[in-house]
Protein chains: 2
Amino acid sequence: MADPHSRLSRRRLLGGGAAAAGVVGAAGIGWGAAGFTREEAVRDEALDVVPFYGAHQAGIETNPPGHVAFAGFDLAPGAGREDIIGLLRIWTDDASRLTQGLPALADTEPELATRPARLTITVGFGPELFTRAEMAERRPSWLRQLPPFPVDRLDPAYTGADLVLQICAEEATTVAHAVRVLSKHVKSLVTVRWVQRGFRDAPRGQTMRNLMGQVDGTVNIAPRTVDFDRLVWDDGASTPWLAGGTSLVLRRIAMDLDTWDELDADGRELTVGRRVSNGAPLTGTAEHDEPDLTAVDRNGIPVIPPSSHVARARHTHDGERFLRRGFNYDEAPAPGQLSNSGLLFVAYQRDVDAQFLPVQQRLAEFDALNEWTTPVGSAVFAIPPGVPGPGHYLGQQLFES
Amino acid sequence: MADPHSRLSRRRLLGGGAAAAGVVGAAGIGWGAAGFTREEAVRDEALDVVPFYGAHQAGIETNPPGHVAFAGFDLAPGAGREDIIGLLRIWTDDASRLTQGLPALADTEPELATRPARLTITVGFGPELFTRAEMAERRPSWLRQLPPFPVDRLDPAYTGADLVLQICAEEATTVAHAVRVLSKHVKSLVTVRWVQRGFRDAPRGQTMRNLMGQVDGTVNIAPRTVDFDRLVWDDGASTPWLAGGTSLVLRRIAMDLDTWDELDADGRELTVGRRVSNGAPLTGTAEHDEPDLTAVDRNGIPVIPPSSHVARARHTHDGERFLRRGFNYDEAPAPGQLSNSGLLFVAYQRDVDAQFLPVQQRLAEFDALNEWTTPVGSAVFAIPPGVPGPGHYLGQQLFES
C-alpha cells in the first residue's frame, strides 16, 4: 500500500458515486504524488470498503457486487460449543480486517488483501449447529432443510451445511483470497462441503439479467426502508438472540438453456409473464409497473397467464415478501453438454416459513418456468446480527445472551 | 438500448481512460436526458467495445480484461474442410456482432449482448484441424502437443483440442453469453472438450498477482512496439497464410496452496527470485528492474538463486521472449480439500519451438517453484490473422491463399 500508483487507475474516474452508495475509500488519494493531474486521476474502486461493524451483518442490505462465493462447511466430528465459538472469533477477526483492506492475522498472502473491492463477509448457521452447540432450544422455528418438492433434483454436493459464508466483492481475486483465508483458518474444526461461485452484472440501480436473458429480481425490498426493517431484519420477538439478524435460503437452480432456446420470444414472455426487453409485466410498460393479474384480452383470456412465473411467484399478501439477491453461475459443461448454467437464488427474510415457503410451494406446485429450471441445491441458514464493535464476535448473542 | 439510463452508471465516471487504452464507446452519452448533471454522470464502461476487424485478431495485443473463458472443441467425426470453413464463417459473423454489443444472428438471448464490456473473441486451430481439413502441409512446424515433461500430470479434460476460443471481457455475464452463442451455433460440427474460466484484477498498467500472492507476468512484451511485431506476430516467411497470426500455448497450472502457505516470506522470495511486496528482483528495488543473475552476497552466494523461478524462466537471449497473458482460476475444491486454485498460463509467440519451448524445458528440468505447482492441462494452437473487413472470415488465408 506504499506506492501511490497502486491507489490509482486510469480506468475509473474520481467522483461521488461510491460515497453516494454508502461506500468509503480505504485510503486517501494522492494523484499529485503519482504524477497524474486531477483530471487524469482515477480513484481505484478496488479500494472501496463496506463497514464491517454494525447492528446488521454487511452483505444483505448492501448493493450486491459483481462476484460471490457461497461456502458451506460441516463441523468436524466432535466439534462442540467451544469450538464453534472459537471459529466465530477467528472469522470475526478475519472478516473485520479483510473487509477493510487489511490482511488477516497470519495472512500468508497479505498482498491479496489490499484490494477489498467492497468485500463483505456474511456468516450463517445451519440447523445442526444448534444441536452441536447444545442449544437446540435456541434454533429458530423455521431453521431446517426445506421440505422436499416434486421439482427438486437435489445434489448433496450443493445441499445443506452447518455453517455458511457469503463472500461478495467486485473482484474475483478478492473473493478467492477471502474464501481461502477463512476456510484455512478453521480447517481443524470444519470440512468444506461446497463452494458455489456466482456473478451479476448490471448498472447500479438496475436489475440484473439471468442467463436465460430475463430481468431477474424486480420484485424486491429496497434497502434502508421501513419495509426492509420489517420484512428482513428480525426484531427478536420470538428468538431474542436473533434481533438484527435474518434468514438465508440458498437454492441452486439449473437452467436447461438448450430447450429454453427453442422457445420464441412470445413463448418466453407468456412463461414468465414479463417482457424480455425490459422486464415490464405483460400488463404494463415499465419494469416496476404492478402486474395486473386480473386483466384479460378481448377474448377474455388473462393477459398474464395464471401459470406464469410472475403470477405464481407473486406474494398473495405483504407478509410473503422477501429480499432477492441472486447471482448467475456458469460452470464447465459435463461431457457431451453445451452449458452448465443457472442461478444461485438467494432469499433473505425474517421468517422462512411465513415469507419464503408459501411462495416456493406455489412455484413447486406449478410454474410454467419449471419446464426449464431444476433446483439442484438447497440450504437454509440463520444469519446472526452484526458485530457491534471490536471485542465482540459474530454470533455472540446466541452464546452469551 | 433505448433508455438513456441504461448507458449511465453512478459507479464509474466519465473520462479519458478508455479512449487512451484504444477502446471506443458503443453508444453516445446522454446524461442530460437521464437527469444527471455531467459531474454526476458515469459512462458505463460495459458499453466499451474493442474493434473486431484488423490485421490481427483482437484479444492478444489488447489489455487483458477481468474475465476469460477458454473453450476447447473437438471436430465431430466426419467433419471436414467445408464444415470447418462453415464453422469459421459462423464464428466470424457471431464475433463481429457480439464484440460490438450487437446480438448474434438468431441470438436467443439478445439482451445479454448489449453490454460488450470490451469483449474480444480469439480463435485458434489445433494440430488435428489441419489433417481434417486435408491441409497437413500447411500446419506450422511448431504446431503439435508439447513434449511430455516430468513435472506434468496432464488431465485429458484440460488437454488438447482441435479448435479454441479465447473469450475475454470485463463482465462474466458477457463471457458466459458469448461462450454459449458460439458453442451452440456450431454444435453439429464440434463437441465441447473443455471450458476453463479465469480472472485477473489489477489497476491498468500494473501487473496482476496470482493466487500465491506473487506479481505474475512482469517480464513481458509491450503492445504496439517493434518487439511485439517481431516476437508475437508471424510475418508469413515460413507459413505464408499465418502472416499477422501467432501461436497460443495454454497451460493449466495447479497450485498447492496448502504447502505454499507453510513457506515463509523469505523462502518464497528465494523460490521466486523476486520480492513478494512489489515483484522487484532480489537484486533490485522496482518491479521492472533487470534481475542481476551474477550478483553475489558477501559470502559469494548468488543473491538470486540459480534454482529460482526468475533465473530458470529468464530468456537466455532475445529470441526466447514471448507474451504472457495469464489468468487466475479458482474452482470448487474436491471433497476433503480446501482449495482448487491455479493459473491459466497463456503464452503468445511467433514460434513455439524457438521461444516458448526452451524456457519451458528449463523450468521442467528444474525450477524451485515446481514443488508447489503442477501442470494439469496443456494445449497449443495456431492463431490465424485478423479479419480485414466484412465479407471475409477467420482463417480464410489458410483455405484460400
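In chain A of this predicted model, the side chain of A:Arg252 lies over the face of A:Tyr329, 3.8 Å from the ring centre, where a charge is counted as sitting over a ring if NZ of Lys or CZ of Arg is within 6 Å of the ring centre and within 35 degrees of the ring normal. In chain B, B:Arg252 lies over the face of B:Tyr158, at 4.0 Å from the ring centre. Residues are numbered from 1 along each chain as its sequence is written, while chains are lettered from A and ligands numbered from 1 in the order in which they are written. Because the model is predicted, local features need pLDDT of at least 70 and side-chain atom pairs count only at pLDDT 80 or more, whereas totals for chains, interfaces and linings use all residues; side-chain values use heavy atoms, with hydrogens and water left out.

A:Arg252 is also one of the residues in contact with A:Gln196, contact being defined as heavy atoms within 4.5 Å. Leaving aside neighbours within four places in sequence, the contacts of A:Gln196 further include A:Val68, A:Ala69, A:Phe70, A:Tyr158, A:Leu250 and A:Leu344. A:Gln196 lies in strand β6 (residues 190–199) of chain A, strands being DSSP runs of E with at least two residues and helices runs of H or I with at least four, both numbered from the N terminus. With a relative accessible area of 1%, A:Gln196 is buried; the term buried stands for under 20% relative accessible area, exposed for over 50%, and partly exposed for values in between (1.4 Å probe, protein chains only). A:Gln196 and A:Tyr158 are 38 residues apart in sequence, and their C-alpha atoms are 7.9 Å apart in space.

Considered as a whole, chain A contains 11 helices and 11 strands, and 59% of its 401 residues are buried. Among contacts in chain A between residues at least 6 apart in sequence, 77% join residues at least 24 apart. The accessible surface of chain A comes to about 15100 Å², of which 54% belongs to carbon and sulfur atoms, as computed by the Shrake-Rupley method with a 1.4 Å probe.

Two domain annotations for chain A come from an unreviewed UniProt entry, whose positions are given in the numbering used here and whose annotations may be inferred rather than shown by experiment. The feature "domain: Dyp-type peroxidase N-terminal" covers residues 57–200, a span that is 26% helix and 22% strand and whose end C-alpha atoms lie 21 Å apart. The feature "domain: Dyp-type peroxidase C-terminal" is placed at residues 208–387; over these residues the chain is 21% helix and 21% strand, and the end C-alpha atoms are 30 Å apart.

Helix α3 of chain A (residues 81–98) has 18 residues and should span 26 Å at 1.5 Å a residue, which agrees with the 26 Å between its end C-alpha atoms; the expected span is 1.5 Å times one less than the number of residues. The buried residues of α3(A) include A:Ile84, A:Leu87, A:Leu88, A:Trp91, A:Ala95 and A:Leu98. An α-helix has 3.6 residues a turn, so residues three or four places apart point the same way. A:Gly80 lies in the loop between β3 (67–75) and α3 of chain A and, at 15% relative accessibility, counts as buried. The C-alpha atoms of A:Gly80 and A:Arg132 are separated by 5.4 Å, although these residues are 52 residues apart along the chain.

The loop between α3 and β4 (120–125) of chain A holds A:Ala106 and also A:Ala117. Phi is positive in each of these residues, near 60° for A:Ala106 and near 50° for A:Ala117. Most residues other than glycine have a negative phi. A:Ala106 is exposed, with a relative accessible area of 67%, whereas A:Ala117 is buried, at 1% relative accessibility.

Over all chains there are 22 aromatic pairs, which are rings of Phe, Tyr and Trp (its six-membered ring) with centres within 6.5 Å, counted as stacked when the planes are under 30 degrees apart, as edge-to-face when over 60 and otherwise as tilted. One of them is the tilted pair of A:Phe345 and A:Phe356, with 6.1 Å centre to centre and 45° between the planes. This pair links strand β10 (residues 340–349), which holds A:Phe345, to helix α10 (residues 352–365), which holds A:Phe356, the two residues being 11 residues apart. A:Phe345 is buried at a relative accessible area of 18%, and A:Phe356 is buried at 2%. Ring pairs also link A:Phe125, A:Phe130 and A:Trp241 into a cluster.
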